[in-house]
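I sat down with this one to work out how its parts fit together. Here are my notes, in the order I looked things up.

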Amino acid sequence: MKKLFSIFGNPVSHSRSPLMHNSVFKNLNFPACYTRTHLLDGDKLKETFFTLGLSGANITVPHKEAAFKACDEVRGFAKKIGVVNTLIEENGKLIGYNTDADGFMFAISEFKNIKSILVLGAGGTAKALVNRFLEDDLQVSILNRSASRLAYFEELPCKCYTWDDFHVQKYDLVVNTTSAGLSDENLPAPSEIIHSILGSSRYVADAIYGKITPFLALAKENNITYKDGADMLLGQGVLANELFTDKTLEKQDIQREMQKSFSY
Ligand code: NDP
């Protein structure tokens, strides 16, 4: 019997996950189908998952923390950060994982000698990435619009700034994890701050994919090597698909077929 998978989000219509996973299932003859579910209330996640008879799912904005709470068991890195982006059904139980952070590490693997990183934003994605960077003993600074979300990061060994008290330093990499530029033309911080950051950075990455954000456009103007969120999306997708198919498929085959879906 075919297994059914889905992505949950609000909004969810823009998600590329169904294309990515169905490309793997179809081309590698894995009997499964991947759909999308528009979920308004994160508290209904578990109930909806089992009502639909799903074998697994991905979770996107804004339900990743609700997904953590919905799990019967959380494994690996997700447990540390309280953020789940992949769910698996195992013997009637909901098991949670996070593949976003390792997906990002895959995305930046071609950037060399990264020791210091500035993260723009302090939401769920920043939480995952910062904890992952600290596992690799990287020096991390965080710049966020408002102070309230910085409280979590102040407990970690990293420097935290708002726009009001920011002091620029030299960074090997700057990562935009804010949603500025996703559906508007905003920069992730005021223009003069962004210009000073770009004048002090070797590489730039944006979690947003499918468009050149104003932030990436400025990086390009400054001749800085940059990448958008597509490789991060690919990386987290490959790792999630390995969980969905329980390692019955080879990782490089999953990656090849998923990559193809980016040209559809
Ligand atoms: P959250 O809602 O958890 O966090 C959003 C962050 O963005 C907050 O720090 C918020 O600051 C900041 N922010 C929002 N609007 C602005 C603005 N106009 N100017 C400056 N800062 C702003 O979101 P997520 O962390 O879940 O997602 C963030 C982005 O990452 C999204 O665009 C998402 O699509 C993308 N993403 C991409 C992935 C991929 O695979 N490529 C995977 C996961 C996420 P404040 O605290 O002040 O409100």
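First, a term I needed: a salt bridge is a side-chain nitrogen of Lys or Arg within 4 Å of a carboxyl oxygen of Asp or Glu. With that rule in hand I looked up Glu65 and Lys127, and their side chains meet in a salt bridge at 3.5 Å, N to O.

A note to self on the ground rules. I am working with a predicted model, where local features need pLDDT of at least 70 and side-chain atom pairs count only at pLDDT 80 or more, while totals for chains, interfaces and linings use all residues. Residues are numbered from 1 along each chain as its sequence is written, and side-chain values use heavy atoms, with hydrogens and water left out.

**Entry 1: the two domains**

I looked up the domain assignment, whose bounds come from an automatic or database source. Domain 1 covers 3–98 + 231–261, and domain 2 covers 102–228. Their centres, taken over C-alpha atoms, are 26 Å apart.

How many residues of each domain are in contact with the other? I found 16 residues of domain 1 in contact with 16 residues of domain 2, contact meaning heavy atoms within 4.5 Å. Next I checked the buried area, which is the accessible area (1.4 Å probe) that two parts lose on being put together, summed over both. Between these domains that is about 1400 Å², and carbon and sulfur atoms give 65% of this area. On the domain 1 side, Phe77, Asp231 and Met232 supply 41% of the area buried against domain 2, more than any other three residues.

The rule finds three salt bridges across the interface of domain 1 and domain 2. I then asked which elements give two or more residues to the side of domain 1 that touches domain 2. They are helix H4 (77–81) and helix H10 (230–244), where helices (H or I, at least four residues) and strands (E, at least two) are DSSP runs numbered from the N terminus. H10 gives the most to that side, with seven residues.

**Entry 2: Asn58**

Asn58 is in strand E3 (residues 56–59). Is Asn58 buried or exposed? I read 3% relative accessibility, so Asn58 counts as buried; the cut-offs are under 20% relative accessible area for buried, over 50% for exposed, and partly exposed in between (1.4 Å probe, protein chains only).

Not counting residues up to four places away in sequence, Asn58 touches ten residues I wrote out partly, including Ser6, Tyr34, Gln236 and Phe244. Its side chain also makes a polar contact of 3.4 Å with the side chain of His21. A polar contact is a pair of N or O atoms within 3.5 Å; within protein, one must be able to donate a hydrogen and the other to accept it, and residues adjacent in sequence count only if both atoms are side-chain atoms.

His21 led me to helix H1 (residues 17–27), where His21 is one of the buried residues, along with Met20 and Phe25 among others. The buried residues of H1 pack against strand E1 (3–9), strand E2 (32–38), E3, H10 and H11.

**Entry 3: two serines**

Ser261 sits in the segment after helix H11 (251–260). Ser261 counts as buried because its relative accessibility is 0%. Its side chain reaches the backbone oxygen of Met258 at 2.7 Å. Leaving aside neighbours within four places in sequence, Ser261 is in contact with Arg16, Leu19, Met20 and Ser23.

Ser201 is in strand E11 (residues 201–206) and is buried too, with a relative accessible area of 11%. A polar atom of its side chain lies 2.7 Å from the backbone oxygen of Ile197.

**Entry 4: more salt bridges**

I got a count of 16 salt bridges by the rule. Lys211 pairs with Glu185, with the closest N and O atoms 3.4 Å apart. This pair links distant parts of the chain, 26 residues apart. Lys211 is partly exposed at 23%, whereas Glu185 is exposed at 61%.

Lys227 and Asp231 meet at 2.6 Å, N to O. Here Lys227 is buried at 9% relative accessibility, and Asp231 is partly exposed at 26%. Last, I noted that salt bridges sharing partners join Asp253, Arg256, Glu257 and Lys260 into one network.
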